[in-house]
Amino acid sequence: MNVNQHSSHPDQDPFGLSAFSDGLYIGGAWRPAAGEGRIEVIDPSTEAVIAAVPDATLADAATAVEAAASAAESWRETPPRKRSEILRRCFELMVERSETLARLISLENGKALRDARGEVAYAAEFFRWNAEEAVRISGEFGIAPAGGNRIVVDYQPIGICVLITPWNFPAAMATRKIAPALAAGCTVILKPASETPLTAYALAALYEEAGVPPGVVNVMTTSTPVPVIAAMLADPRVRKLSFTGSTGVGRTLLAEAAKNVISCSMELGGNAPFIVFDDADIDAAIEGLMVAKMRNAGEACTAANRIYVQSGIHDAFAEKFTRRMAALRVGPGVDPDTECGPMITRKAVEKIERLVADAVSRGGHVLCGGRTLAGRGFFYPPTVLVDVAPASDMGCEEIFGPVAPLYRFETEAEVIAAANDTEYGLAAYIYTRDIGRGMRVASKVEAGMIALNRGLVSDPAAPFGGVKQSGLGREGGQHHGIAEFMEAKYIATSF
Ligand code: NAP
């Protein structure tokens with residue numbers, strides 16, 4: 001199926017993509033890019049080209065910043081209640097179209113339809129949550145300790161925001177930024193990942209319908225992000241960069257933003273430990289691990305990357321877990337029976353092959369999977385390894401695939417040290433029936449988010465983010481997400 005065919009008939013264009021097959025979404029309209037280039041979108045389940053989107057150039061970057069600047073003043077002056085109602089409408093439209101959006105995500109990303117449905121629900125929730133937050137932005141008032149002076153703190157929208165998102169959650173990573181930015185009163189330019197631009201454009205059509213004024217949200221795809229993003233960050237009207245992606249690219253962007261001292265929020269890579277103590281409920285821990293490891297076929301920043309199992313239960317745990325992993329149905333994302341879809345690209349499969357080969361060469365044993373599946377599509381089977389050397393590459397790098405290495409440990413102190421032996425610090429998982437121990441270990445593990453006897457941490461109502469080289473700032477949460485898009489202005493006065 002080519003989803004990009006020009007047709008107004010819903011059967012031939014089920015995703016309504018014909019509107020933007022030739023256009024970037026700038027200033028509330030679909031505009032042709034300045035250049036002739038196109039970016040092909042590949043279905044990872046079949047390797048077929050399913051669409052091609054415009055390839056923005058430096059001229060388009062300038063047009064997008066101009067559009068965001070033109071809309072900035074009236075959007076920041078729009079009453080919070082009105083902004084809230086528009087965001088609420090975005091939520092409602094996403095819910096109405098959730099099945100179509102989920103199918104589109106499955107098609108371009110490859111993830112199992114059940115995961116895509118979960119993503120759409122999660123992504124929509126950022127609109128509902130921030131619609132509620134938009135009317136709760138308040139300031140501060142105090143008396144200076146020396147007396148005489150009053151301290152007034154006003155929170156103002158930070159300005160034009162450049163938002164860059166990855167391919168693994170094409171809807172949620174966009175709404176997690178757009179919704180709080182709009183709630184705060186900012187205008188934005190979104191650059192989605194080149195592998196999954198269709199979802200970002202499908203959502204753009206929805207913003208328009210929800211009443212988001214022209215220029216408040218702009219979306220542009222480019223195959224040359226380095227100069228295009230640098231040009232936008234060099235424009236003094238741009239005051240914020242919010243990035244979700246790999247730690248390596250995050251470092252590069254921090255350096256670029258430093259040239260103009262631009263405020264940065266960085267949601268970067270992870271290397272999550274999943275710790276199971278002897279006293280844990282084994283079935284519950286396996287259930288949690290199936291979610292923490294296999295949601296999105298392992299292509300999640302929060303994915304369990306190093307699974308530490310205490311020696312008393314290690315072998316029984318490994319056996320039960322392997323049975324669950326080996327039984328998963330691998331197939332195309334859009335097939336409703338699929339439990340594990342393909343990887344995003346051939347390169348991603350090759351990386352996993354390298355990590356597994358390295359682990360085996362250092363003494364690791366494969367209990368299931370471990371070999372790339374033949375045929376078309378970027379498939380890698382659910383894989384379990386034991387006896388993996390901690391220094392092997394998969395202990396240090398994000399696996400970003402359906403591969404679960406188990407490490408045996410003896411003591412609490414030993415596992416805390418092992419969990420913290422990484423440059424990353426995004427999510428961590430702990431399973432124990434001893435809540436005192438659970439809280440103690442949670443306080444000592446260096447991560448921005450801890451799941452205690454749970455396999456899922458993400459929640460729009462909770463602050464999401466990492467420590468160490470997993471990032472700077474938080475998204476979501478009661479005030480954290482919006483605060484990233486606001487500046488405190490202090491007014492000294494006396495009366
Ligand atoms: P990536 O390679 O870092 O790319 C992310 C985005 O940055 C894409 O839109 C990409 O555009 C763009 N980009 C790449 N190089 C750039 C540059 N030099 N200047 C400006 N933009 C640039 O990451 P990915 O492979 O898409 O996503 C996987 C990574 O994201 C993993 O490390 C994962 O842990 C992380 N992640 C983190 C979170 C979190 O919340 N902490 C959530 C999800 C994912 P192109 O697509 O055009 O290259």
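Trainee: Where does Asn218 lie?

Mentor: Asn218 sits in strand β9, which spans residues 217–219. Bear in mind as we go that this is a predicted model.

Trainee: Why is Asn218 called buried?

Mentor: Its relative accessible area is 0%, and buried means under 20%, so Asn218 counts as buried.

Trainee: What does Asn218 touch?

Mentor: Not counting residues up to four places away in sequence, Asn218 touches Tyr25, Ile26, Gly27, Ala64, Ala67, Ala68, Val188, Ile189 and Leu190.

Trainee: Let's go to the ligand. Which residues are closest to the ligand?

Mentor: Arg176, Ser194, Ser246, Leu268 and Glu398 are the closest of the 31 residues that surround the ligand.

Trainee: What makes the approach of Glu398 to the ligand a polar contact?

Mentor: A polar side-chain atom of Glu398 lies 2.5 Å from an oxygen atom of the ligand. The cut-off for a pair of N or O atoms is within 3.5 Å, so the Glu398 pair qualifies.

Trainee: Which backbone atoms lie at such distances from a ligand oxygen?

Mentor: A backbone N or O atom of Thr165 lies 2.8 Å from an oxygen atom of the ligand. For Gly245, a backbone N or O atom lies 3.4 Å from an oxygen atom of the ligand.

Trainee: Where is Glu398 found, and how do you know whether to call it buried or exposed?

Mentor: Glu398 is in the loop between α12 (393–396) and β16 (403–409). Its relative accessibility is 14%; the limit for buried is under 20%, so Glu398 counts as buried.

Trainee: Which protein residues is Glu398 in contact with?

Mentor: Leaving aside neighbours within four places in sequence, Glu398 is in contact with Gly269, Gly270, Cys301, Asn305, Lys351 and Leu355. With Gly270, the side chain of Glu398 reaches the backbone nitrogen at 3.1 Å.

Trainee: On to the helices. Why are α3 and α6 called roughly antiparallel?

Mentor: The axes of α3 (residues 98–109) and α6 (residues 197–210) cross at roughly 160 degrees and come within 8 Å. Angles over 145 count as roughly antiparallel, and therefore α3 and α6 get that name.

Trainee: Which residues meet where α3 packs on α6?

Mentor: From α3 come Leu101, Leu104, Ile105 and Glu108, which meet Pro197, Leu198, Thr199, Ala202, Leu203 and Leu206 in α6. The residues of this contact divide into eight nonpolar, one polar and one charged.

Trainee: What are the buried residues of helix α7, and what do they pack against?

Mentor: In α7 (residues 225–234) the buried residues are Val228, Ile229, Ala230, Met232 and Leu233. They pack against α1 (58–77), β7 (160–164), β8 (188–191), β10 (238–244) and α8 (247–258).

Trainee: What makes Val261 exposed, and which word fits Asp387?

Mentor: Val261 has 66% relative accessibility, and exposed means over 50%, so Val261 counts as exposed. Asp387 has a relative accessible area of 41%; partly exposed covers the range between 20% and 50%, so Asp387 is partly exposed.

Trainee: What is notable about phi in Val261 and Asp387?

Mentor: Phi of Val261 is near 50 degrees, a positive value in a residue other than glycine. For Asp387, also not a glycine, phi is positive too, near 60 degrees. Val261 lies in the loop between α8 and β11 (263–267), and Asp387 in the loop between β15 and α12.

Trainee: Where is Ser265, and why is it called buried?

Mentor: Ser265 belongs to strand β11. Its relative accessible area is 5%, against a limit of under 20%, so Ser265 is buried.

Trainee: How do you know that Ser265 and Glu484 form a polar contact?

Mentor: Their side chains are joined at 2.4 Å, and the cut-off is within 3.5 Å. Ser265 also touches Lys240, Leu241, Ser242, Phe243 and Leu472, among others.

Trainee: Last one: why is Thr383 called buried?

Mentor: Thr383, in strand β15 (residues 383–386), has 0% relative accessibility, so Thr383 counts as buried. Its contacts beyond four places in sequence include Met325, Cys368 and Val403. Val403 lies in strand β16 and is buried as well, with a relative accessible area of 0%.

How values were computed: Residues are numbered from 1 along each chain as its sequence is written. This is a predicted model: local features need pLDDT of at least 70, side-chain atom pairs count only at pLDDT 80 or more; totals for chains, interfaces and linings use all residues. Side-chain values use heavy atoms; hydrogens and water are left out. Helices (H or I, at least four residues) and strands (E, at least two) are DSSP runs, numbered from the N terminus. Buried means under 20% relative accessible area, exposed over 50%, partly exposed in between (1.4 Å probe, protein chains only). Contact means heavy atoms within 4.5 Å. A polar contact is a pair of N or O atoms within 3.5 Å; within protein, one must be able to donate a hydrogen and the other to accept it, and residues adjacent in sequence count only if both atoms are side-chain atoms. Axes are lines fitted to C-alpha atoms, for helices over the stretch in contact, and angles run from 0 to 180 degrees between N-to-C directions. Angles under 35 degrees count as roughly parallel, over 145 as roughly antiparallel, 65 to 115 as roughly perpendicular and the rest as oblique. Ala, Val, Leu, Ile, Met, Phe, Trp, Tyr, Cys and Pro count as nonpolar, Asp, Glu, Lys and Arg as charged, and the others, Gly among them, as polar. A residue is near a molecule or strand if one of its heavy atoms lies within 4 Å of it.
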